[in-house]
Amino acid sequence: MISQLVIGLFLLFVSARATEEGGPIPETEAFKPIFLPDAIFEEFFTPCDLVKYVVDGKFVKYNSSTVLTLRKRRTDGIQRVIRIPLLPAFYAPPGQEVNVQLDIGLGEPKTSDADILFLLSDGYNAVGFVVPDGRESTAICYGIDGPESGPYGITARRRNLNQINHNRRRRTSRPRRENVNYVSLLFKTSKDWGTCVTPHDDGFVNPAGFSRSISPYYGICLDVYLDDEEEIHNLLHIHSHVVVKNNIIKKY
(Lines give C-alpha, C1' and ligand atoms only; values in the text may rest on other atoms or scores of the structure.)
Protein backbone atom coordinates (compact mmCIF):
# COMPACT_ATOMS: atom_id res chain seq x y z
CA MET A 1 0.00 0.00 0.00
CA ILE A 2 2.78 2.38 0.93
CA SER A 3 4.79 1.41 -2.17
CA GLN A 4 1.79 2.17 -4.44
CA LEU A 5 1.39 5.59 -2.78
CA VAL A 6 5.08 6.35 -3.33
CA ILE A 7 4.87 5.32 -6.99
CA GLY A 8 1.75 7.48 -7.47
CA LEU A 9 3.46 10.52 -5.94
CA PHE A 10 6.54 9.90 -8.10
CA LEU A 11 4.46 9.76 -11.31
CA LEU A 12 2.62 12.95 -10.31
CA PHE A 13 5.96 14.69 -9.73
CA VAL A 14 7.30 13.58 -13.13
CA SER A 15 4.12 14.74 -14.90
CA ALA A 16 4.33 18.17 -13.23
CA ARG A 17 8.01 18.56 -14.21
CA ALA A 18 7.23 17.56 -17.81
CA THR A 19 4.54 20.21 -18.00
CA GLU A 20 6.89 22.89 -16.63
CA GLU A 21 9.61 21.91 -19.09
CA GLY A 22 7.36 22.07 -22.16
CA GLY A 23 6.10 18.54 -22.07
CA PRO A 24 2.68 17.42 -23.22
CA ILE A 25 -0.26 19.42 -21.91
CA PRO A 26 -3.56 17.70 -21.27
CA GLU A 27 -6.11 18.32 -24.01
CA THR A 28 -8.70 20.00 -21.84
CA GLU A 29 -10.97 22.88 -22.79
CA ALA A 30 -8.87 25.33 -20.74
CA PHE A 31 -5.80 24.79 -22.91
CA LYS A 32 -7.33 24.95 -26.39
CA PRO A 33 -6.76 28.01 -28.63
CA ILE A 34 -9.53 30.57 -28.35
CA PHE A 35 -10.65 33.35 -30.70
CA LEU A 36 -11.28 36.84 -29.38
CA PRO A 37 -13.55 39.27 -31.25
CA ASP A 38 -12.08 42.26 -33.04
CA ALA A 39 -11.78 45.44 -30.97
CA ILE A 40 -13.89 48.25 -32.42
CA PHE A 41 -13.55 51.97 -31.68
CA GLU A 42 -16.54 53.80 -33.14
CA GLU A 43 -17.51 57.46 -32.75
CA PHE A 44 -19.91 59.88 -34.38
CA PHE A 45 -18.87 63.54 -34.21
CA THR A 46 -21.46 66.26 -34.68
CA PRO A 47 -20.38 69.90 -35.13
CA CYS A 48 -20.78 70.39 -31.37
CA ASP A 49 -18.41 67.46 -30.82
CA LEU A 50 -15.91 68.51 -33.50
CA VAL A 51 -15.42 71.99 -32.06
CA LYS A 52 -13.89 70.37 -28.96
CA TYR A 53 -11.02 69.04 -31.10
CA VAL A 54 -10.14 72.28 -32.89
CA VAL A 55 -6.47 72.94 -32.13
CA ASP A 56 -7.01 76.69 -31.76
CA GLY A 57 -10.20 78.63 -31.23
CA LYS A 58 -9.10 81.16 -33.86
CA PHE A 59 -9.74 78.51 -36.50
CA VAL A 60 -13.48 78.51 -35.72
CA LYS A 61 -15.45 81.08 -37.69
CA TYR A 62 -18.90 79.78 -36.82
CA ASN A 63 -20.33 76.85 -34.89
CA SER A 64 -23.86 75.54 -34.43
CA SER A 65 -25.62 72.23 -33.93
CA THR A 66 -25.69 71.69 -37.71
CA VAL A 67 -22.40 73.07 -39.08
CA LEU A 68 -18.83 73.87 -38.02
CA THR A 69 -17.18 76.57 -40.14
CA LEU A 70 -13.38 76.48 -40.15
CA ARG A 71 -10.95 79.08 -41.44
CA LYS A 72 -7.22 79.09 -42.01
CA ARG A 73 -4.75 81.74 -40.86
CA ARG A 74 -2.38 83.51 -43.22
CA THR A 75 0.49 81.02 -43.23
CA ASP A 76 2.44 79.17 -45.88
CA GLY A 77 1.76 75.48 -46.34
CA ILE A 78 -1.16 73.43 -45.11
CA GLN A 79 -2.36 74.05 -41.58
CA ARG A 80 -3.86 71.60 -39.11
CA VAL A 81 -7.14 72.84 -37.68
CA ILE A 82 -8.56 69.69 -36.02
CA ARG A 83 -6.94 66.70 -34.29
CA ILE A 84 -9.13 63.78 -33.12
CA PRO A 85 -7.66 60.74 -31.28
CA LEU A 86 -9.06 57.57 -32.86
CA LEU A 87 -6.91 54.83 -31.29
CA PRO A 88 -4.90 55.12 -28.04
CA ALA A 89 -1.15 54.57 -28.10
CA PHE A 90 0.20 51.12 -27.13
CA TYR A 91 -3.19 49.44 -27.54
CA ALA A 92 -2.36 47.63 -30.79
CA PRO A 93 0.89 45.59 -30.75
CA PRO A 94 3.49 46.34 -33.46
CA GLY A 95 2.42 44.81 -36.75
CA GLN A 96 -1.21 44.39 -35.71
CA GLU A 97 -3.73 44.81 -38.52
CA VAL A 98 -5.85 47.92 -38.07
CA ASN A 99 -8.54 49.10 -40.50
CA VAL A 100 -10.07 52.58 -40.44
CA GLN A 101 -13.18 53.96 -42.13
CA LEU A 102 -14.17 57.63 -42.07
CA ASP A 103 -17.53 58.87 -43.37
CA ILE A 104 -17.45 62.65 -43.67
CA GLY A 105 -20.22 65.13 -44.37
CA LEU A 106 -19.00 68.36 -46.01
CA GLY A 107 -20.96 71.58 -46.28
CA GLU A 108 -20.60 73.95 -49.21
CA PRO A 109 -17.31 75.88 -48.96
CA LYS A 110 -17.51 79.59 -48.18
CA THR A 111 -14.61 80.52 -50.47
CA SER A 112 -13.91 79.59 -54.08
CA ASP A 113 -10.52 78.21 -53.01
CA ALA A 114 -11.35 75.60 -50.38
CA ASP A 115 -9.18 72.48 -50.28
CA ILE A 116 -9.53 70.22 -47.26
CA LEU A 117 -7.28 67.31 -46.22
CA PHE A 118 -8.06 64.35 -43.96
CA LEU A 119 -4.93 62.53 -42.71
CA LEU A 120 -4.26 59.69 -40.30
CA SER A 121 -1.18 60.30 -38.14
CA ASP A 122 0.91 58.30 -35.67
CA GLY A 123 2.94 61.36 -34.67
CA TYR A 124 5.75 60.57 -37.12
CA ASN A 125 4.07 60.12 -40.51
CA ALA A 126 0.70 61.02 -41.98
CA VAL A 127 -1.32 59.39 -44.78
CA GLY A 128 -4.69 60.38 -46.13
CA PHE A 129 -6.65 62.19 -48.83
CA VAL A 130 -7.27 65.62 -50.29
CA VAL A 131 -10.72 66.81 -51.33
CA PRO A 132 -9.90 69.78 -53.58
CA ASP A 133 -12.19 72.55 -54.71
CA GLY A 134 -13.79 72.69 -58.14
CA ARG A 135 -11.15 75.01 -59.59
CA GLU A 136 -8.56 72.23 -59.73
CA SER A 137 -8.40 69.91 -62.74
CA THR A 138 -7.61 66.91 -60.56
CA ALA A 139 -9.50 63.91 -59.29
CA ILE A 140 -12.38 64.59 -56.92
CA CYS A 141 -10.27 63.11 -54.13
CA TYR A 142 -6.75 61.71 -54.13
CA GLY A 143 -4.12 60.30 -51.79
CA ILE A 144 -1.35 62.20 -50.06
CA ASP A 145 1.34 61.40 -47.47
CA GLY A 146 4.24 63.11 -45.75
CA PRO A 147 6.33 63.40 -42.57
CA GLU A 148 5.18 65.05 -39.37
CA SER A 149 7.33 68.01 -38.32
CA GLY A 150 6.88 68.73 -34.64
CA PRO A 151 3.74 69.65 -32.69
CA TYR A 152 2.08 71.36 -35.67
CA GLY A 153 1.98 68.24 -37.83
CA ILE A 154 2.71 68.72 -41.51
CA THR A 155 3.74 72.29 -42.31
CA ALA A 156 5.01 71.84 -45.88
CA ARG A 157 3.23 73.09 -48.95
CA ARG A 158 0.87 70.54 -50.45
CA ARG A 159 2.73 70.46 -53.77
CA ASN A 160 5.89 69.37 -51.93
CA LEU A 161 4.19 66.30 -50.46
CA ASN A 162 3.70 62.94 -52.16
CA GLN A 163 0.44 63.22 -54.14
CA ILE A 164 -1.03 59.92 -55.37
CA ASN A 165 -3.29 59.55 -58.42
CA HIS A 166 -4.11 63.26 -58.24
CA ASN A 167 -4.34 63.56 -62.03
CA ARG A 168 -6.68 60.61 -62.44
CA ARG A 169 -9.53 61.84 -64.62
CA ARG A 170 -13.14 60.81 -64.44
CA ARG A 171 -15.03 59.29 -67.35
CA THR A 172 -17.58 62.11 -67.25
CA SER A 173 -17.18 65.83 -66.66
CA ARG A 174 -16.06 66.70 -63.18
CA PRO A 175 -18.84 68.19 -61.02
CA ARG A 176 -18.45 71.48 -59.22
CA ARG A 177 -16.72 71.27 -55.85
CA GLU A 178 -19.91 72.34 -54.05
CA ASN A 179 -21.48 68.99 -55.01
CA VAL A 180 -18.84 67.03 -53.11
CA ASN A 181 -20.81 66.98 -49.88
CA TYR A 182 -19.91 63.47 -48.78
CA VAL A 183 -16.74 61.38 -48.90
CA SER A 184 -15.86 57.98 -47.44
CA LEU A 185 -12.20 57.18 -46.69
CA LEU A 186 -10.92 53.67 -46.00
CA PHE A 187 -7.47 52.66 -44.76
CA LYS A 188 -5.67 49.34 -44.27
CA THR A 189 -2.64 50.37 -42.23
CA SER A 190 -0.85 47.02 -42.47
CA LYS A 191 -0.71 47.35 -46.27
CA ASP A 192 -0.09 51.15 -46.48
CA TRP A 193 -3.23 51.32 -48.59
CA GLY A 194 -6.35 53.45 -48.71
CA THR A 195 -9.13 54.62 -50.98
CA CYS A 196 -11.54 57.52 -51.21
CA VAL A 197 -15.13 57.16 -52.39
CA THR A 198 -17.73 59.75 -53.37
CA PRO A 199 -21.27 59.11 -54.66
CA HIS A 200 -20.88 61.02 -57.94
CA ASP A 201 -22.14 59.36 -61.13
CA ASP A 202 -22.90 56.05 -59.44
CA GLY A 203 -19.69 56.28 -57.43
CA PHE A 204 -16.15 57.58 -57.85
CA VAL A 205 -13.30 55.53 -56.33
CA ASN A 206 -9.64 56.50 -56.22
CA PRO A 207 -7.25 54.09 -54.41
CA ALA A 208 -3.84 55.08 -53.05
CA GLY A 209 -0.73 53.09 -52.22
CA PHE A 210 1.09 55.20 -49.66
CA SER A 211 4.87 55.57 -49.66
CA ARG A 212 4.90 56.14 -45.90
CA SER A 213 3.67 53.91 -43.09
CA ILE A 214 1.87 54.75 -39.89
CA SER A 215 2.21 52.49 -36.85
CA PRO A 216 -0.98 51.98 -34.82
CA TYR A 217 1.28 51.04 -31.91
CA TYR A 218 1.92 54.76 -31.38
CA GLY A 219 -1.78 55.56 -31.65
CA ILE A 220 -3.80 57.00 -34.52
CA CYS A 221 -5.18 60.52 -34.78
CA LEU A 222 -7.34 62.06 -37.47
CA ASP A 223 -5.95 65.43 -38.55
CA VAL A 224 -7.95 67.88 -40.65
CA TYR A 225 -5.94 70.44 -42.63
CA LEU A 226 -6.83 73.47 -44.72
CA ASP A 227 -4.67 74.67 -47.61
CA ASP A 228 -3.76 78.11 -48.98
CA GLU A 229 -4.53 81.45 -47.37
CA GLU A 230 -7.86 82.50 -45.93
CA GLU A 231 -9.70 79.29 -46.77
CA ILE A 232 -13.10 78.77 -45.16
CA HIS A 233 -14.75 75.37 -45.08
CA ASN A 234 -17.80 73.72 -43.49
CA LEU A 235 -17.94 70.36 -41.72
CA LEU A 236 -21.26 68.65 -41.00
CA HIS A 237 -20.16 65.43 -39.30
CA ILE A 238 -17.46 62.76 -39.10
CA HIS A 239 -18.23 59.10 -38.41
CA SER A 240 -15.13 57.08 -37.50
CA HIS A 241 -14.89 53.28 -37.37
CA VAL A 242 -11.58 51.72 -36.25
CA VAL A 243 -11.19 47.93 -36.15
CA VAL A 244 -8.21 46.25 -34.47
CA LYS A 245 -8.03 42.71 -35.84
CA ASN A 246 -7.27 40.16 -33.12
CA ASN A 247 -5.11 37.09 -33.65
CA ILE A 248 -5.64 33.60 -32.24
CA ILE A 249 -4.75 33.60 -28.55
CA LYS A 250 -3.62 30.37 -26.86
CA LYS A 251 -4.53 30.12 -23.22
CA TYR A 252 -2.24 28.03 -21.01
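Cys196 is buried, at a relative accessible area of 0%. Its disulfide partner is Cys141, with 2.2 Å from S to S, and Cys141 is buried too, at 1%. Keep in mind that we're looking at a predicted model here.

A search through the whole structure turns up 1 disulfide. As a reminder, a disulfide is a covalent bond between the sulfur atoms of two cysteines. In this one, the torsion about the S-S bond of Cys141 and Cys196 is about 90 degrees, so the disulfide is right-handed. What does the pair tie together? Cys141 sits in the loop between strand E8 (125–131) and strand E9 (142–147), while Cys196 belongs to strand E12 (residues 193–198), so the link connects parts that are 55 residues apart in sequence.

Two further cysteines are worth a look. Cys221 counts as buried because its relative accessibility is 17%, and the cut-off for buried is under 20%. Cys48, on the other hand, is partly exposed. Here are the four side by side:

| Cysteine | Relative accessible area | Class |
|---|---|---|
| Cys48 | 35% | partly exposed |
| Cys141 | 1% | buried |
| Cys196 | 0% | buried |
| Cys221 | 17% | buried |

Now for the chain overall. The protein chain has 16 strands and 2 helices. Of its 252 residues, 42% are buried. Counting contacts with a separation of 6 or more, 69% are between residues 24 or more positions apart. The accessible surface adds up to about 13,600 Å², and carbon and sulfur atoms own 54% of that.

On to the strands. An open sheet is built from 6 strands, running in the order E5-E14-E7-E8-E9-E10 with antiparallel pairing. Which strands sit at the edges? Those are strand E5 (79–87) and strand E10 (162–164), each of which pairs on one side only. On average, neighbouring strands of this sheet are turned by 25 degrees against each other, ignoring direction. Within the sheet, strand E7 (residues 116–121) and strand E14 (residues 220–226) make an antiparallel pair over 6 bridges, and Leu120 has Leu222 of E14 as its bridge partner.

Then there's some pairing around E4. Strand E3 (residues 60–63) runs antiparallel to strand E4 (residues 68–71), with 3 bridges between them. How many residues does the hairpin use to join E3 to E4? The connection takes 4 residues. Asn63 stands opposite Leu68 of E4. E4 also pairs with strand E15 (residues 232–244), again in the antiparallel sense, over 4 bridges; there, Leu70 has His233 of E15 as its bridge partner.

That brings us to the packing. The largest nonpolar core has 46 residues, and Phe118, Leu120 and Leu235 touch the most other members. So what does Leu235 touch, leaving out residues up to four places away in sequence? The list holds Pro47, Leu50, Val67, Leu68, Leu70, Ile82, Ile104, Gly105, Leu106, Ile116 and Phe118. Leu68 and Leu70 from that list have turned up already: Leu68 opposite Asn63, and Leu70 as the bridge partner of His233. Leu120, another of the well-connected core members, is the residue bridged to Leu222 in E14. Apart from the largest core there is another one, of 10 residues, including Val130, Tyr142, Ile154 and Leu161.

Note on methods
Residues numbered from 1 in each chain as written. Predicted model: local features only at pLDDT ≥ 70, side-chain atom pairs only at ≥ 80, totals over all residues. Heavy atoms only, no water. Core = buried A, V, L, I, M, F, W, Y, C linked by side-chain atoms within 4.5 Å. Buried < 20%, exposed > 50% of the residue type's maximum accessible area, 1.4 Å probe, protein only. Contact = heavy atoms within 4.5 Å. Disulfide = S-S within 2.5 Å. Areas by Shrake-Rupley, 256 points an atom, 1.4 Å probe, with all protein chains shown as cover. Pairing = 2+ DSSP bridges. Axes fitted to C-alpha atoms, helices over the stretch in contact; angles between N-to-C directions.
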